[in-house]
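Let's take a friendly walk through one helix and its surroundings, then look at some aromatic rings. Please have your viewer ready.

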Amino acid sequence: MSGTRSAVDRLLDDGTGRRPRADARRNVERLVAAAREATGEIGGEVTAHEIARRAGVGVGTFYRRVSTLETLLEAVLAEVLGEIVAKGDEGLADPDPWEGFCGFAASYTRLRNELCDINYALGGGIDHARAELRERIRLLVERAQGAGAMRADITWQDVAFLLVSVSTGDHTVGLQAGDQQWDRNLRIVLDGLRTPEPAPLPGAPPTDSSG
C-alpha cells in the first residue's frame with residue numbers, strides 16, 4: 001500500500017498510458033483537494049456540485065474528469081489509506097522505536113478521521129485495508145515494547161482503541177476544547193503507554209463555555 005498511486009494519478013489513468021494534458025491534471029488536482037476538504041466538513045452529505053464549487057470548476061468539468069462522485073471519493077479513499085500505511089512504514093524505519101511509534105500515532109489520529117469522513121460519504125466499505133493497518137500498528141507496538149520504551153502489559157489491540165479515543169469533538173459537558181486538544185489528548189495517551197517520565201503537555205487545557 002505504501003506504493004499506492006495518488007488519487008490524481010488513479011483518476012487520470014485511462015489505460016492508454018498517454019500523459020494527460022496539463023489543464024486536465026490541474027483540474028483533477030483541484031477536485032481531489034476539494035473532495036478531501038469537503039468530506040471533512042460535510043461528510044455523507046457532500047455532493048459533486050459542492051466539490052466542483054470548491055475546486056473552482058464547473059459541474060460539466062467535474063463529470064468529464066472524474067465520471068462520478070463515487071469514482072472520485074474511492075480514489076481519494078485509496079490515497080488516504082496509502083498515506084496511513086506509508087506513515088506506518090516511516091515509523092518502522094525510524095531508528096528510535098518510540099519516536100517512530102509517536103510519529104505514526106500523530107499522523108494516524110488525523111488521517112484516520114479524514115478516512116472515516118470519506119468512507120462515510122461512500123456508505124462504508126474500508127475492510128479491504130484493515131489487515132494492512134492492523135499489521136502496521138502491531139509491528140510498531142511490538143517494536144517499541146521490544147526496545148523497552150512502551151509498557152509491556154498492554155496489547156497492540158489496546159493501542160488501536162487508545163489512538164481512536166484521541167480525536168474528540170469541540171464541546172463536551174459545557175467545555176470548549178483547546179486549540180490543540182487532540183495533541184494534548186495524544187500526549188496523555190502516549191505518556192500512559194511510555195515507560196519513562198511523562199513529557200510536557202502541548203497547548204492549553206479546555207475552557208468552561210457555560211458561563
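Which residues of helix α4 (residues 59–66) are buried? They are Thr61, Phe62, Arg65 and Val66. Please keep in mind that this is a predicted model.

## The buried face of α4

Look down the axis of α4 and you will find its buried residues within an arc of 105 degrees, so they line one face of the helix. As general background, an α-helix has 3.6 residues a turn, so residues three or four places apart point the same way.

What does this face pack against? The buried residues of α4 have α1 (7–12), α2 (22–42), α3 (48–55) and α5 (69–93) as their packing partners. Just after the helix comes Ser67, with a positive phi near 75 degrees.

## Where α3 meets α4

Two packed helices are described by the angle between their axes and the distance between the axes. For α3 and α4, the angle is about 100 degrees and the axes are 9 Å apart. That angle falls in the range of 65 to 115 degrees, so α3 is roughly perpendicular to α4.

Which residues make this contact? From α3 come Ala48, His49, Ile51 and Ala52, and they meet Val59, Phe62 and Tyr63 of α4. Sorted by class, the contact comprises six nonpolar residues and one polar residue, with no charged ones.

## An edge-to-face pair in α4

How many aromatic pairs does the structure hold? There are three. One of them joins Phe62 and Tyr63, with 5.1 Å from centre to centre and 75 degrees between the planes, an edge-to-face arrangement.

Are these two residues buried or exposed? Phe62 has 0% relative accessibility and therefore counts as buried. Tyr63, with a relative accessible area of 40%, is partly exposed. Both residues also take part in the contact with α3 described above.

## A stacked pair in α6

Phe104 and Tyr108 form a pair too: their ring centres lie 5.3 Å apart and their planes meet at 15 degrees, so this pair is stacked. The cut-off behind that label is an angle under 30 degrees between the planes.

Where do these rings sit? Helix α6 (residues 97–122) holds both Phe104 and Tyr108, four residues apart, which is about one turn of the helix. Phe104 is buried at a relative accessible area of 2%, and Tyr108 is buried at 9%.

Note on methods
Residues are numbered from 1 along each chain as its sequence is written. This is a predicted model: local features need pLDDT of at least 70, side-chain atom pairs count only at pLDDT 80 or more; totals for chains, interfaces and linings use all residues. Side-chain values use heavy atoms; hydrogens and water are left out. Buried means under 20% relative accessible area, exposed over 50%, partly exposed in between (1.4 Å probe, protein chains only). Helices (H or I, at least four residues) and strands (E, at least two) are DSSP runs, numbered from the N terminus. The arc is that of the directions from the helix axis to the C-beta atoms. Contact means heavy atoms within 4.5 Å. Axes are lines fitted to C-alpha atoms, for helices over the stretch in contact, and angles run from 0 to 180 degrees between N-to-C directions. Angles under 35 degrees count as roughly parallel, over 145 as roughly antiparallel, 65 to 115 as roughly perpendicular and the rest as oblique. Ala, Val, Leu, Ile, Met, Phe, Trp, Tyr, Cys and Pro count as nonpolar, Asp, Glu, Lys and Arg as charged, and the others, Gly among them, as polar. Rings of Phe, Tyr and Trp (its six-membered ring) pair if their centres lie within 6.5 Å; planes under 30 degrees apart count as stacked, over 60 as edge-to-face and the rest as tilted.
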